[in-house]
Amino acid sequence: MPHSLRMKVPQKSCPTHVQDPLSQRLTWNKPPLSVLIIKKIHESSVVQPFMDLVTWLVQEKRMVVYVEVSTLEDEMIADDSGFQPIKQKLNTFKEGTEDLSGRIDFIICLGGDGTLLWASSLFQGSVPPVMAFHMGSLGFLTPFEFDNFKSQVNHVLEGHAALTLRSRLKTVITDAECDSHINSIEKPKKIQVLNEVVIDRGPSPYLCHLDLYVEGRHVTSVQGDGLIVSTPTGSTAYAVAAGASMVHPNVPAILVTPICPHSLSFRPIVVPAGVEIKVMVSPESRGAAWVSLDGRNRQEIKVGDSVRITTSEFPIPSICKMDQISDWFDSLAECLHWNVRRPQRAFNNNNGANGRVKDDSDCSIEA
């Protein structure tokens, strides 16, 4: 975590202790000095809010502001003469060329859920706290509205905010020849995933045939379109579309969800956080499979190749608008319209408690 951040996190020493999610609060050891701004790309409606936010942070808050080089290459930003003096004071970087660890105190995202996924990909170790403004299409992970951004950012800078620690998945992809790490010359790259790891059949016309292992034990074989291994945060993304339960991000768990399984009894499961899951292309598979991590890094895996997944030690501290419980249920209602239906009518004065009309001549039953 950044040097200026202190978070209250669950203590693992007592197995009977249940952490109250409301106890997770943002506390600064000293005032934050640097901020990374991530803007949704190819979206003109975000340009002016971005420039307003950056101008305010530089001129009034005297903060060190980091932005991606590609952000400043936006034509509307590059052609704005009034923004040029502010632009000269910004620190820029390119993805993969610089390590931002320890240089950023917190992150502000302007856009949809994809901006938070992008922020996750930029930090493969510890992640600064993230404040996400809803300026995209869905906004399940972006609870803040931009209208009164100054008061909301000041609120966070003063340390008056709750945190949701969103777990990530540490993912390692190995090919059949170097599945044993002992014999491999180069260690496989570990990639942090916020939403899900998806293994599917890709362009192949055949069923995906995968072997699923949990803690080294072969638990089942998957025959279908593929498999989703997701975090609780990712449970409301691809996984819920495939039939998984929606799980609150404070629940320590990993979800395993089949995609169109060729079986009537293959239901989604939830396993404890921390177990190692291995998904291997079965030797009996008729073709290869494809793996993607948070919708990126898509690559082919062949027979004998495997994907190892476990809970990462580097969660994302997501800043809440209200608190962990209210934000989540508000997102379910507003973004997914969870349990929206017309209410059942109460009995009227002519109906009995059992729903039957008192008049014997009318035998209808009211729903």
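**Exercise 1.** At its relative accessibility, does Glu-43 count as buried, partly exposed or exposed, and what is the percentage?

*Solution.* The structure is a predicted model. The cut-offs come first: buried means under 20% relative accessible area and exposed over 50%, with partly exposed in between. Glu-43 has a relative accessibility of 23%, so this residue counts as partly exposed. The next step is to look at the residue with which Glu-43 pairs. Its side chain meets that of Lys-40 in a salt bridge, at 3.9 Å from N to O. Lys-40 is likewise partly exposed, with a relative accessible area of 25%.

**Exercise 2.** Determine which parts of the chain are tied together by the salt bridge between Lys-39 and Asp-74.

*Solution.* Side chains of opposite charge can pair when their charged atoms come close. For Lys-39 and Asp-74, the N to O distance is 3.7 Å. Lys-39 belongs to strand β3 (residues 34-39), whereas Asp-74 sits in the loop between α2 (69-72) and α3 (75-78); the pair therefore ties together parts that are 35 residues apart in sequence. As to their surroundings, both Lys-39 and Asp-74 are buried.

**Exercise 3.** Locate the two residues of the salt bridge between Lys-170 and Glu-313.

*Solution.* The closest N and O atoms of Lys-170 and Glu-313 are 3.9 Å apart. Lys-170 is in strand β9 (residues 169-174), and Glu-313 is in the loop between β19 (306-311) and β20; the pair links distant parts of the chain, 143 residues apart. The total count of salt bridges comes to seven.

**Exercise 4.** Establish on which side or sides of helix α8 its buried residues lie.

*Solution.* Helix α8 spans residues 324-335, 12 residues in all, and reaches 16 Å from its first C-alpha to its last. Its buried residues are Gln-324, Asp-327, Trp-328, Ser-331, Leu-332 and Cys-335. They cover an arc of only 135° around the axis, which means that they are on the same side of α8. The buried residues of α8 pack against β8 (163-166). At the start of the helix, a side-chain oxygen of Asp-323 comes to within 3.0 Å of the backbone nitrogen of Ile-325.

**Exercise 5.** Describe how β8 is joined to β20 and how the residues of β20 point.

*Solution.* β8 and β20 run antiparallel and are joined by four bridges. Within β20, Ser-318 is the bridge partner of Thr-164. From strand β20 (residues 316-319), Ile-316 and Ser-318 point one way, while Pro-317 and Ile-319 point the other way; all are buried.

Conventions. Residues are numbered from 1 along each chain as its sequence is written. This is a predicted model: local features need pLDDT of at least 70, side-chain atom pairs count only at pLDDT 80 or more; totals for chains, interfaces and linings use all residues. Side-chain values use heavy atoms; hydrogens and water are left out. The expected span of a helix is 1.5 Å times one less than its number of residues. Buried means under 20% relative accessible area, exposed over 50%, partly exposed in between (1.4 Å probe, protein chains only). The arc is that of the directions from the helix axis to the C-beta atoms. Contact means heavy atoms within 4.5 Å. A polar contact is a pair of N or O atoms within 3.5 Å; within protein, one must be able to donate a hydrogen and the other to accept it, and residues adjacent in sequence count only if both atoms are side-chain atoms. Two strands pair if DSSP finds at least two bridges between them. A salt bridge is a side-chain nitrogen of Lys or Arg within 4 Å of a carboxyl oxygen of Asp or Glu.
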